[in-house]
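Let's take a friendly walk through this structure, from its overall build to a hairpin, a loop and a pocket. Have the sequence and the 3D view ready as you read.

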Amino acid sequence: FSYKGSSYTPLDFPGASDTVINAIDGQNLVGYYMERNGYHGFLYDGTTWRTLNFPGAWHTEINGINGNSIVGEYMDTTGRHGFLATIPEPATMLLLGLGGMILRSKKAKGKR
């Protein structure tokens, strides 16, 4: 799409029926999407979509981002609440994932 020299790129969370982008910081976009299981927060870094749900919530929206800090709101059985969260850097996520796999491997070996 274009309008008077501007260009537009449609962005939709894969498989979602609705996608709402609320904020941008550098390459990172945040917002929420809707699918059959409800509303979910997301982080999109220009190549990868990551779902970010508040633990125990049935509805999560991400409303802002600044560096690796995000703010949003969630709903659970007690009502609507706000939150502030820190998102690990991609390298940290990889290390956490590898650490978890190593621990599971050690536990599995110990049970033999």
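Two strands count as paired if DSSP finds at least two bridges between them. With that in mind, and remembering that this is a predicted model, we can look at one pair of strands.

**A hairpin to start with**

Strand S3, residues 18-25, runs antiparallel to S4, and 7 bridges join the two. Within this pairing, Asp 18 sits opposite Met 34 of S4. The hairpin that S3 and S4 form has 2 residues between the strands, and Gly 26 adopts a positive phi there, near 65 degrees.

**Following the chain onward**

After S4 (28-35) comes a loop that leads to strand S5 (38-44), and Asn 37 is found in that loop. Is Asn 37 buried or exposed? Asn 37 counts as exposed because its relative accessibility is 53%, and the cut-off for exposed is over 50%. You can also place Asn 37 relative to His 59: the two are 22 residues apart along the chain, and their C-alpha atoms are separated by 9.3 Å.

**The whole protein**

Stepping back, the secondary structure amounts to 1 helix and 9 strands. In sequence order the pattern reads β-β-β-β-β-β-β-β-β-α. The protein has 112 residues, of which 28% count as buried. It exposes about 7,800 Å², with carbon and sulfur atoms supplying 56% of that area. As for contacts between residues at least 6 apart in sequence, 18% of them join residues at least 24 apart.

**The second largest pocket**

Our last stop is the second largest pocket, which holds about 150 Å³ of space. Its lining is made up of 15 residues, and those closest to the pocket centre are Leu 52, Asn 53, Ile 70, Phe 83 and Ala 85. Which strands each supply at least two residues of this lining? They are S6 (49-52), S7 (59-66) and S9 (79-86). Of the contributors, S9 gives the most, with 4 residues.

The table sorts the lining of this pocket by residue class.

| Class in the lining of the second largest pocket | Count |
|---|---|
| Nonpolar | 11 residues |
| Polar | 3 residues |
| Charged | 1 residue |

When you turn the model to view this pocket, Leu 52, Asn 53, Ile 70, Phe 83 and Ala 85 are good places to look, as they are the lining residues closest to its centre.

Conventions. Residues are numbered from 1 along each chain as its sequence is written. This is a predicted model: local features need pLDDT of at least 70, side-chain atom pairs count only at pLDDT 80 or more; totals for chains, interfaces and linings use all residues. Side-chain values use heavy atoms; hydrogens and water are left out. Buried means under 20% relative accessible area, exposed over 50%, partly exposed in between (1.4 Å probe, protein chains only). Contact means heavy atoms within 4.5 Å. Accessible areas come from the Shrake-Rupley method with a 1.4 Å probe; for residues, only the protein chains shown count as cover. On a 1 Å grid over the protein atoms alone, a cavity is a set of points where a 1.4 Å probe fits but cannot get out, and a pocket is an open set with protein on both sides within 12 Å along at least five of seven lines; lining residues have an atom within 4 Å of a point. Grid points are joined across faces, edges and corners, and a volume is the space filled by probe spheres set on the points. Ala, Val, Leu, Ile, Met, Phe, Trp, Tyr, Cys and Pro count as nonpolar, Asp, Glu, Lys and Arg as charged, and the others, Gly among them, as polar.
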